[in-house]
Amino acid sequence: MSILLRGATVLTMDPALGDLPAGDVRIEDGRIAAVGAGLERMPGDELIDAHGMLLLPGLIDTHTHMWQGPLKGLGAAQWGMADYHRTIFSLRERLTAEDMHDAAFATGVEMLDNGITTVLDFCHNVMSPAHAARSLDAHRRTGQRVLFCYGMLGSFETLAADHAWRLAQVRGLAREMAGAGDDARVRLGMALGSLEYAGMALFEAEVATGRELGLPMSFHQNVAGQLHEIEAAGLLGPDLLPVHCNPALDAELALLARHGCGISFTPESEVGDGRSTRVIARAHHAGVTPSLGVDVPSRVALDLFSQMRITFWLMRNEEADAERSAGRWPLARFPGVPFIQPRHLLEYVTVNAARAVGLGDALGRIAPGCIADLVLLRAGAYSPSLGDPAAHVVLQATVGDVDTVIVGGQVHKRAGRLTEVDRADAVAATRRMRERLFH
C-alpha cells in the first residue's frame with residue numbers, strides 16, 4: 001500500500017531535511033519512501049490532501065501506566081505520593097486480568113486518537129500471568145505502537161516469592177515475540193522493580209535477564225543516590241531508561257550521559273507529587289536526552305501537547321528565576337539565554353523518545369527509510385501561528401487539532417474520525433472496568 005501526503009508544512013525533525021513549508025511525503029510498505037516538494041503521484045498512491053496542515057512524526061510517550069486510564073479523575077488534585085498510594089496504587093491488586101485488557105484497550109484508543117502513535121506502557125500491575133497476557137491482547141487490537149514493559153513489581157508481600165514466575169513469563173513472551181523487528185506494533189520490554197522496594201539483588205537479576213534477552217528496560221528513580229548505586233553495581237547502560245530522576249545529582253546525570261542514557265520526565269506528575277522539576281533542564285545540559293510521559297492518567301490527561309507546553313514553561317520559569325536570583329532584572333537576551341526553545345520540546349516527544357524506546361534509528365523522524373508513523377494537525381480554526389511551526393505545535397496545538405494519524409503506513413484516523421477502532425468500544429471498555437471495580 002502506498003500513500004502520498006501532499007502540500008503539508010512538514011516538520012521532519014531530521015537535521016538534514018529541516019522543515020518543508022509545502023512538502024510531500026510518500027509512504028510505501030509501512031516506511032517513508034520519499035520526502036520533498038512536488039513529488040510525482042505514482043499509480044496506486046492514495047492521495048491525502050494536507051494543504052494548510054502540519055505534518056509531524058507520531059508523538060511518543062515514554063512513560064504511562066495504561067491500566068489507570070479508566071480511573072481518570074480518581075486522582076484529581078492529589079497532594080503528594082501518600083494520596084497517590086492511598087487512592088490509586090492501592091487498587092492494583094483488585095484489578096482482574098479482564099480489567100487490565102479493558103484498561104489497556106481504552107487507554108490505547110484514546111492515546112491514538114490524540115496523536116500518540118507510540119507508548120511505553122510501564123505495566124507495574126502484572127499480578128498474574130493472565131494480567132500480562134490480556135494486556136498484550138488489548139495492545140494488539142488498538143493498532144498503536146507499544147513497548148509493553150512487563151512489570152516486575154507485584155504485591156509487596158510476595159515480591160521475592162513471585163520473582164521466579166515473573167522472570168519465567170518474560171522469557172516465554174520473549175520467545176513468542178522474537179524476530180518481529182523494528183516494525184512490530186507490540187514489542188516487549190521490562191519495567192524493573194523499584195530499587196527501594198525490590199532491593200539490589202532482585203534488580204540485578206532483572207537487568208541480567210533483560211540484557212540476556214535484548215529487551216529495553218525502564219525503572220522509577222525516586223530515591224536519592226540510586227543512580228550511584230546502580231553504577232557501582234556495574235548496571236548502567238543505554239538500554240536502561242530511568243523515570244523522574246528528580247533527586248539526581250549533577251554527577252549522576254553525568255554518569256547517565258556517559259552511558260548514553262535518556263530520562264523520561266512526567267511534568268504534571270512531578271508537580272502533583274510536589275517534586276522538583278529542575279532535573280529536566282539539568283539533564284538536557286548534561287547531555288542526557290529527555291523525553292516525556294503522561295505517567296498517571298488517573299489524574300493527568302492523555303495529552304502530550306499539554307505535557308510539552310507545561311514543560312516548556314516550567315523550564316523557562318527556572319531560567320528566569322536563575323536570572324532574577326543573580327540580580328539580572330529586567331530579563332535581557334544574551335548568547336545562550338534563554339536556552340530552552342519550543343523545538344526542543346518537540347524533539348523530546350519524537351527523536352529523543354524514539355531513542356528511549358529503542359527505535360532511535362527507525363522512528364521519530366520523517367525521512368526516507370523511517371517507519372511511517374505520522375500525525376497531521378489542522379492549523380486551527382483561526383489561522384496558523386506566525387513564525388516557527390514547531391512553536392505552533394508546542395504552544396498552540398491541542399488534541400482537537402489531530403486530523404489524521406498513520407501508524408506503520410496504515411491510516412488509523414482520518415478527518416478527525418478513527419477508522420480501525422470505534423471510540424464507543426473504548427468507552428464501553430472503560431465502563432466495564434469501572435463497574436467491576438466499584439460496584
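**Pockets, cavity, cores and strands**

Author: In this predicted model, 17 residues line the largest pocket, and those nearest its centre are Met177, Arg187, Leu188, Gly214 and Leu215. About 330 Å³ of space lies in this pocket.

Reader: What makes a residue part of the lining of a pocket?

Author: A lining residue must have an atom within 4 Å of a point of the pocket. In the largest pocket, 17 residues are counted as lining. Both α4 (159-176) and β9 (186-191) supply at least two residues of this lining, and β9 gives the most, with 3 residues.

Reader: How are the residues that line the largest pocket divided by class?

Author: The lining has 11 nonpolar, 4 polar and 2 charged residues. Among the residues nearest the centre of this pocket are Leu188, Arg187 and Gly214. Leu counts as nonpolar, Arg as charged and Gly as polar, so these three residues represent each of the classes.

Reader: Which residues lie nearest the centre of the second largest pocket, and what is the make-up of its lining by class?

Author: Met81, Tyr84, His85, His220 and Asn222 lie nearest the centre, within a lining of 20 residues. Two or more of the lining residues come from each of α1 and α5 (195-213), with α1 giving the most, at 3 residues. The volume of this second pocket is about 270 Å³. Its lining has 7 nonpolar, 8 polar and 5 charged residues.

Reader: Why is Asp83 called buried?

Author: Asp83 has a relative accessible area of 18%, and the term requires a value under 20%. Asp83 is therefore classed as buried. The residue is found in helix α1, residues 80-87. Leaving out residues up to four places away in sequence, Asp83 touches Gln78 and Ile88.

Reader: What makes strand β14 largely enclosed by the rest of the structure?

Author: Of the 5 residues of β14 (residues 374-378), 4 are buried, and the strand is therefore largely enclosed.

Reader: How do you know that β14 pairs with strand β5 and with strand β15?

Author: Pairing requires at least two bridges between the strands. Strand β5 (residues 53-57) and β14 share 5 bridges in the antiparallel sense, and β14 and strand β15 (residues 402-407) share 4, also antiparallel. Both pairs therefore meet the requirement. Leu374 in β14 illustrates each pairing: Pro57 stands opposite Leu374, and in β15 the bridge partner of Leu374 is Ile406.

Reader: Which residues have the most contacts inside the largest nonpolar core, and what does Met308 contact?

Author: That core has 91 residues, and those with the most contacts inside it are Tyr150, Leu292, Met308, Leu346, Leu377 and Val393. Neighbours within four places in sequence aside, Met308 is in contact with Leu292, Leu345, Leu346, Val349, Val393 and Val394. Apart from this core lies another, of 20 residues, which include Ile48, Met53, Cys370 and Leu374.

Reader: Why is the space lined by Met66 and Trp67 called a cavity?

Author: The term applies where a 1.4 Å probe fits but cannot get out. The structure holds 1 cavity of 30 Å³ or more, and about 30 Å³ of space lies in the largest. Its lining consists of Met66, Trp67, Met100, Ala104, Asp121, Cys123, Ser135 and His139. The elements α2 (97-113), β7 (116-123) and α3 (129-142) give two or more residues to this lining, which has 5 nonpolar, 2 polar and 1 charged residues by class.

Note on methods
Residues numbered from 1 in each chain as written. Predicted model: local features only at pLDDT ≥ 70, side-chain atom pairs only at ≥ 80, totals over all residues. Heavy atoms only, no water. Core = buried A, V, L, I, M, F, W, Y, C linked by side-chain atoms within 4.5 Å. Buried < 20%, exposed > 50% of the residue type's maximum accessible area, 1.4 Å probe, protein only. Contact = heavy atoms within 4.5 Å. 1 Å grid on protein atoms, 1.4 Å probe; cavity = no way out; pocket = protein on both sides within 12 Å on 5 of 7 lines; lining within 4 Å. Points joined across faces, edges and corners; volume = space filled by probe spheres on them.
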